[in-house]
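Here's a quick briefing to read alongside the model. Take a look at the fold first, then go through the points by topic.

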Amino acid sequence: MKVLLIQPPSRHQAQEEVVVPPLGLAYLASGVERDGHEVRIIDAFAEGMSWDDFAEEIKRAKADLIGMGGLTPTIDNALRTIKICRPYVQYIVMGGPHLSVHKQEFFRDCPELDFGIMGEGEESFSQLVKRLAEGSDPGDIPGLIGPEKFNPPGKFINDLDVIPFPARHLLPNPLYRYSFWPGKKVTTMITSRGCPYRCIFCDKSIFGSKWRARSAKNVLDEMEQIVKILRIPSIIIYDDLFTLDKQRVQEICQGILERGLRFEWKCEGRVDRVDEETLRWMKKAGCSLIAYGVESGNEIGLDYLQKGITLPQIRRAFELTRKVGIRPMAYFILGIPVETFEEGLRTIELAKELNPDYAQFSILSPYRGTKLHEEAKAKGWYAEVEANNPFDKDQKRPVLLCEKWSAETLKEILRRAHREFYFRPSYILKRLWGVRNFRQMRALWGAGCGVLRWYLSKGGSR
């Protein structure tokens, strides 16, 4: 069977500062390629295709089956893509978080879709391709859904080492870029799945709550392939929580050093799951960036979000991260319903105090499939507003409109956050001091202009 996997184009052609591989598609590709099918990946987003060029490419591809993922913030792109593909292919299959949450309801919005796959898709997708190629009934494949079909997802894959490495050889690797490593080839990888913590804003429809980790050897083998065969010197580790198991982190770091792998990498961490010894191992092994979910500068907000962390732990983690020479990044949430506007300002003050290299400020969003969504619907807080963040891919973002937060105060707190954090002379000078070449200057200039344009467009000059 001729299988085509697709990353849709951007809504509007523009120079993006962050373009990373569609890792989920690459995992699907490796499975069906192993089974002997002809597989191709089109990353129209990375290639900067227009929608017209994309339609022509689909027409020329003459695929038997087209597969793609779907995220809620960009689901309009997925719907547009499916309509374009429909005349030129026999089967269209979709997976990803949006479909996993909306299930059969999604087929009412998208009757052109043939099949959906809920949850982890590698095994189910391979089975589906095999049965369709044989002309047999897809039948009881776990997680398979359609307008009249609903098969509950199967058990999570516990032994992640059995999954083939992503088919990166099918991707346009030179096109991927990350604003913090300008001019360098970059890729992504996942070393574990699932998260045992209970943050009320987090959707776990794909990987679940049980933390499952690949062995250190399996992770190191993939890193070696990336660095020595593909010659990619920068890796973003996209685990929900890379730092959960201290012993495993140190084993991976030791393996990087023993194998002589020279590359820089970034990961996500929790402030209560790092210590100086582990951070020193990470630094030795090439870790240059860690992103922490700080979320709030108020204990009441942290408790409401069920983060399970404290302000002293936050400050300690940033202190240790800087001490060992790793650059910290931070995510912050504004518009928490138990916080007032003044308490939201405390979160902005904490961001300035911690002074991460990059701070992402977001309005709290009750996405479907989360505990927060259930509460928002029950209390009449749920609303949708125009996406209001310079880095969002959303067209509209769900928010909580309640007694303490109106649409206007949410916009105002977000404007304040970007103005007070990014337009500080000390922050601007720090970023300029870190510039080492023209590419870094161009990346910094592009990011800064993007924030400034957004800020002025939202009335920031008042």
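The protein's secondary structure adds up to 16 helices and 17 strands, counted as DSSP runs numbered from the N terminus (helices are H or I with at least four residues, strands are E with at least two). Keep in mind that this is a predicted model, where local features need pLDDT of at least 70, side-chain atom pairs count only at pLDDT 80 or more, and totals for chains, interfaces and linings use all residues. Residues are numbered from 1 along each chain as its sequence is written, and side-chain values use heavy atoms, with hydrogens and water left out.

**Overall shape**
- The radius of gyration is 22 Å, which agrees with the value near 23 Å for a compact globule of 462 residues (taken over C-alpha atoms; the rule is 2.2 Å times the number of residues to the power 0.38).
- Along the principal axes, the C-alpha trace spans about 65 × 55 × 40 Å.
- Take contacts (heavy atoms within 4.5 Å) between residues at least 6 apart in sequence: 73% of them join residues at least 24 apart.

**Burial and cores**
- Of the 462 residues, 55% are buried (under 20% relative accessible area, with exposed over 50% and partly exposed in between; 1.4 Å probe, protein chains only).
- The largest nonpolar core has 106 residues, and F125, M223, W265, M282 and F361 touch the most other members; such a core is a set of buried Ala, Val, Leu, Ile, Met, Phe, Trp, Tyr and Cys residues joined through side-chain atoms within 4.5 Å.
- Another core lies apart from it, with 27 residues including M49, I66, M94 and F106.
- In soluble globular proteins, nonpolar side chains tend to be buried together.

**A look at H373**
- H373 sits in helix 13, which covers residues 371-379.
- Its relative accessible area is 13%, so H373 counts as buried.
- Beyond neighbours within four places in sequence, H373 is in contact with P366, Y367, R368 and Y382.
- Q254 is 119 residues from H373 in sequence, and their C-alpha atoms are 42 Å apart.
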